[in-house]
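This report looks at one protein chain, beginning with the confidence of the model and then turning to its interior and its surface.

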Amino acid sequence: VVGIPHLTVYKPIKNSSGEVIGMWFVGKSIKNVNDVISNVRNITLAIISIVGLITIIISILIVRRIVTPLKSIQNQLHEISHGEGDLTQELKVQSKDEIGDLAQSFNQTLGTLRKMMHEISNTAGEMTVSCENLYESAAHSTTFTNDIVNSLHDVADGAEAQRIISQQSEVSINSLQQNIHDVAEAVDRIE
């Protein structure tokens, strides 16, 4: 139209006998249409960019929320495992999610191990006292020497059994520490 490209729609105007007597014309300059398309494209790209940026930020925050407690647990486990088997230490995690449950379960396991080691220590102490009493009795009474020697052998057998149980406990603790270390390394590889 007048030398300028337009996007147009034509509709014929007919008289009562059906003859075309004119035409309705509605049109818009192609430049105006291209400007609108360009504006819509720019707005769409801006929205996609903003949504992408927000998604990246949210993803980073979520990953940090997961990784930070895991790193904390890893550091604490490292301190515990390199602290000469100090079973008095516990994991300090405040979260109420799976990571917190994991830390709580580990702390309960440490508590059970502490209790078991305490009982072994008490039993060993009682056995030591018993052995000392038996030794004194043997020194004062030569008539019961054979009976006392036999009792000492039984105590020694019991002490050996306790030593074997202690060694088995140590192996179990080392295996548990290795499993925890393996989980920590797997978490590091996930990052």
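The sections below treat confidence, the nonpolar core, a surface patch and one strand residue in turn.

## Model and confidence

This is a predicted model, in which local features need pLDDT of at least 70 and side-chain atom pairs count only at pLDDT 80 or more, while totals for chains, interfaces and linings use all residues. Residues are numbered from 1 along each chain as its sequence is written, and side-chain values use heavy atoms, with hydrogens and water left out.

The mean pLDDT (the predictor's confidence in each residue, from 0 to 100) is 81 for the chain, and 92% of its residues reach 70 or more. Among the elements, helix α1 (residues 30–81) has the highest mean, 88, and helix α3 (residues 145–190) the lowest, 77; helices here are DSSP runs of H or I with at least four residues, and strands are runs of E with at least two.

## Nonpolar core

The largest nonpolar core (buried Ala, Val, Leu, Ile, Met, Phe, Trp, Tyr and Cys residues joined through side-chain atoms within 4.5 Å) has nine residues, namely I73, L77, I80, L91, I99, A103, F106, L110 and I180. Two or more of these come from each of α1 and α2 (98–140), and α2 gives the most, with four residues.

Leaving aside neighbours within four places in sequence, I73 is in contact (heavy atoms within 4.5 Å) with L91, V93, I99 and A103.

## Surface and strand

I50, in helix α1, is exposed because its relative accessible area is 51%, the cut-offs being over 50% for exposed and under 20% for buried, with a 1.4 Å probe and protein chains only. Together with I54, I58, I62 and I66, I50 makes a nonpolar surface patch of about 460 Å².

S29, in strand β2 (residues 20–29), is buried, with a relative accessible area of 16%. Beyond its neighbours within four places in sequence, S29 is in contact with I4, P5 and H6.

Notes
Patch = residues over 30% accessible without salt bridge, like charges linked within 9 Å, V, L, I, M, F, W, Y side chains within 5 Å. Areas by Shrake-Rupley, 256 points an atom, 1.4 Å probe, with all protein chains shown as cover. Salt bridge = Lys/Arg side-chain N within 4 Å of Asp/Glu carboxyl O.
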